[in-house]
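Visitor: Please take me through the place where the two chains meet. I would like a close look at that one part.

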Protein chains: 2
Amino acid sequence: MSERRWNPILGEWVITATHRQDRTFLPPRDFCPLCPTKPGGAPTEIARAGFDIAVFENRFPSLRRDPPAPAVAGTELMPVAPADGACEVVVYTPVHDGTLTDQPLERVERLIAVWAHRTLVLGARPEVAAVFCFENKGEVIGVTLHHPHGQIYGYSWLPSVLEREADTARAHNHRTGGCVWCDLLGEEIADGRRIVATTEDWVAVVPFFARWPYEVHLIPRRHVGWLHELTDAEIAGMARILRTQLLKYDALFDGSLPYIMAVHQRPTDGGDHDGYHLHVEFYPPNRTATKLKFLAGSETGAGAFINDTYAEETAARLRELAPHDPSDVIS
Amino acid sequence: MSERRWNPILGEWVITATHRQDRTFLPPRDFCPLCPTKPGGAPTEIARAGFDIAVFENRFPSLRRDPPAPAVAGTELMPVAPADGACEVVVYTPVHDGTLTDQPLERVERLIAVWAHRTLVLGARPEVAAVFCFENKGEVIGVTLHHPHGQIYGYSWLPSVLEREADTARAHNHRTGGCVWCDLLGEEIADGRRIVATTEDWVAVVPFFARWPYEVHLIPRRHVGWLHELTDAEIAGMARILRTQLLKYDALFDGSLPYIMAVHQRPTDGGDHDGYHLHVEFYPPNRTATKLKFLAGSETGAGAFINDTYAEETAARLRELAPHDPSDVIS
């Protein structure tokens, strides 16, 4: 049902997971599988009347513990491997309506604690090389369930983006003794034009090299690799800057902005990753209120991204947008 | 207005081209800029009453000859460079309605000759490292003009996908003395399950490692790097297999299938690319008639593609679909 196949041209694994074609697709509100099971109602994924934040294994996993043997034989040039790893669903709240933006600060803090805990648990599994917490938000991103939720993947190898980040971190660390994110964060702070928001411990920035018009990275000032290394104060700061960024996003075009949120953490494969620096990347697809940025020929076919905006201008726009909730205003 | 910025984390250039935000977006039929200018009508991009296939510089280019100096200063860690290169538009036909699928075989042959000619001309420019002919088809791919057309980019560096292909080709060639595409094509032909169509000179295959459900690669049997190296017979064969593939695609869900079509040719930077093998890659976003495959968190955020289908099954489905035009049936 699920396996990994090697692309010898691009040098990367592709997951095939055929049972997912039939997964639940935008069910009506009353049939939401992420709501708590109602007394006398149809069973949902969460068989209890209430919860705070719920984590469970994805019913349609791409990666799993003890996966079946591959259905197809590979070759030396194009090998195949079991799709081992983990796919978990994180339900942010028992309340069906709303988004992560609507959650109070305390819930965002607890979500970060959940991510940190799952990173610790999944990362301790010997076959898990990287733990990846993420959220796909909005139908244009391909979300199939509206209930506020995210996902956690435990990959048994380093997928290409994480691998390139880890390679860069290692090379930079060996060359300079430092961290490439610490260095670029220093430059971004010194320049200032692309900074969106800051706290004592975190910086939100549209990076110099943004691919998407409103791409934002959240970067801790201190060099840490994993969420579970953060202090309580840093977790509180992360919750504040994350929530502030979400409020800015929804204020941008006066509506719930779709995005991919990707939490990039140090790999858990035991390799040489001292130079890796925790950060969160947001890619909203909108280039205007109504127009989307597509990954078309140049991006997908050749690998050259075209950004129709200047990071300096989009950062200025995001910086000006006041959060809705005055308690979250960041000086 | 346009520049390249270096992403030191992923090790790649991102193009910023701010003037493109205002480019023509899905104009009404009567205002199509790719139709021939009508007598007494508003001027279009093509100021003549008729033409066969037209090529001209994109009015909203991301890359151009003698680009302006970058508007923003870079740093040693995050340098900036002029966006030199070329962006051309290829109008397949003066007739507004229809798609490439609707064009007769002779026109497809002439289109290939146009691609070959522009590759020769653009590739001879010293600043052009790679010539990339492609088509974005369908509004879900982000196309902004409906008139049948494609594009040609001349990059002044190797974008990441082309660079990874070139690196693989070189390493494989140094290790084996051969070509990685020749080797994988041999394996695909021997296996047979993923072959979609063949001619004497070309093979259409859903590769073992397909990322998209109906991804198809067209690969010439002979080891050539550029279109202009093809014999007349090989160009005729390429036109037949390309048109056959397009007919199969439109028959798949009984409608005009969106896709990205990417023609990958040997770089023109004068480097060590003897192992590079010309091929055409198609990525249709549909996983069913109504459902699309999205590049969401795992794909875009981590770099791990998930394909919900088996290449063996999608290839069988495409193989069975008879072309509409019996003259294009390939035995």
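Guide: Here is a walk through the contact between chain A and chain B. This is a predicted model: local features need pLDDT of at least 70, side-chain atom pairs count only at pLDDT 80 or more, and totals for chains, interfaces and linings use all residues. Residues are numbered from 1 along each chain as its sequence is written, while chains are lettered from A and ligands numbered from 1 in the order in which they are written.

Start with the totals. 66 residues of chain A are in contact with 66 residues of chain B (contact means C-beta atoms, placed from the backbone, within 7 Å). The side of chain A that touches chain B has 34 nonpolar, 19 polar and 13 charged residues. Here Ala, Val, Leu, Ile, Met, Phe, Trp, Tyr, Cys and Pro count as nonpolar, Asp, Glu, Lys and Arg as charged, and the others, Gly among them, as polar.

Now the symmetry. A turn of 180 degrees and a shift of 0.0 Å along the axis lay chain A on chain B with an RMSD of 0.0 Å (least squares on C-alpha atoms of residues with pLDDT of at least 70 in both). The two copies are thus related as by a two-fold rotation axis. The same surface serves both: 100% of the contact residues of chain A recur in chain B. Of the residues of chain A, A:Leu295 comes closest to the axis, at 4.3 Å (C-alpha).

Finally, look at A:Tyr155. Not counting residues up to four places away in sequence, A:Tyr155 touches residues of both chains, including A:Phe132, B:Ala302 and B:Ala304.

Conventions: Contact = placed C-beta atoms within 7 Å.
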